[in-house]
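Thanks for asking me to look this one over. My notes follow as numbered points, best read with the structure open beside them.

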Amino acid sequence: MVLFQCDGCGAQMDEHSLRYTVNIDVRAAYNEIEVTLLDLVRNHRKEIIALLEKLEERDPAEVEEQIYKQIHLDLCPACQKAYIKDPLHFQPQATGENNSLDIDNFLRSLGFGTTPPEA
């Protein structure tokens with residue numbers, strides 16, 4: 001039997017239980033860049049070397065997370081209702097003895113929401 005655990009409240013759900021999945025894509029936002037003829041003919045070698053040197057000092061996982069991160073959650077019906085009601089301040093529903101969970105702390109424990117040190 002396949003078991004799932006609600007990422008909100010921690011309730012166990014078997015494979016036939018009603019459950020919901022939440023997929024969150026967090027992407028860095030960029031404005032469109034207009035490339036001119038001058039940009040195409042200019043030598044960018046020094047800029048590229050400087051960028052590569054700067055990146056060598058950084059943790060690759062940290063750099064990747066600053067650009068794109070996927071978060072996948074399984075939610076029970078009660079937590080799905082709470083999530084839909086207020087996704088940015090989601091507080092899971094308690095499902096019994098001491099199953100309450102602070103979603104912010106939970107996501108931080110997985111490495112989400114940590115602020116990179118100032119460069």
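1. How many aromatic pairs does the count come to? The count comes to zero aromatic pairs. Please keep in mind throughout that this is a predicted model. One ring does have a charged partner, though: Arg19 sits over the face of Phe4, 3.6 Å from the ring centre.

2. On the overall layout, you will find five helices and four strands in the chain. Following the sequence, their order is β-β-β-α-α-α-β-α-α. Contacts also reach far along the sequence: among those between residues at least 6 apart, 65% join residues at least 24 apart.

3. Next, burial and surface. The chain has 119 residues, and 18% of them count as buried. About 9,800 Å² is exposed, with carbon and sulfur atoms supplying 54% of that area.

4. The largest nonpolar core is worth a visit. It has 13 residues, and the ones with the most contacts inside it are Cys6, Cys9, Leu75, Cys76, Cys79 and Phe90. Strand E4 (68-75) and helix H4 (77-85) each supply at least two residues of this core.

5. With those cysteines in the core, how many disulfides does the count come to? The count comes to zero disulfides. For Cys6, the closest cysteine sulfur is in Cys79, and the two sulfurs are 3.7 Å apart, so they are too far from each other for a bond; the cut-off for a disulfide is 2.5 Å. Cys76 is in no disulfide either, and the nearest cysteine sulfur to its own, again that of Cys79, is 3.7 Å away.

6. Are these cysteines buried or exposed? Cys6 has a relative accessible area of 2% and is buried. Cys9 counts as buried at 3% relative accessibility, and Cys76 counts as buried at 7%. Each of these values falls under the 20% limit for buried residues, which is why the three are classed that way.

7. Where does Cys9 lie? Cys9 is in the loop between strand E1 (3-5) and strand E2 (12-14). Cys9 and Cys76 are 67 residues apart along the chain, while their C-alpha atoms are separated by 8.1 Å. If you are tracing the core by eye, note that both residues are among those with the most contacts inside it.

8. Finally, a look at Ala78, which lies in helix H4. Ala78 and Cys6 are 72 residues apart in sequence, and in space their C-alpha atoms are 9.9 Å apart. Is Ala78 buried, partly exposed or exposed? Its relative accessible area is 32%, so Ala78 is partly exposed, whereas Cys6 is buried. Burial is required for membership of a nonpolar core, so a partly exposed residue is left out of one.

How values were computed: Residues numbered from 1 in each chain as written. Predicted model: local features only at pLDDT ≥ 70, side-chain atom pairs only at ≥ 80, totals over all residues. Heavy atoms only, no water. Phe/Tyr/Trp six-rings, centres within 6.5 Å; stacked < 30°, edge-to-face > 60°. Lys NZ or Arg CZ within 6 Å of the ring centre and 35° of its normal. Buried < 20%, exposed > 50% of the residue type's maximum accessible area, 1.4 Å probe, protein only. Contact = heavy atoms within 4.5 Å. Areas by Shrake-Rupley, 256 points an atom, 1.4 Å probe, with all protein chains shown as cover. Core = buried A, V, L, I, M, F, W, Y, C linked by side-chain atoms within 4.5 Å.
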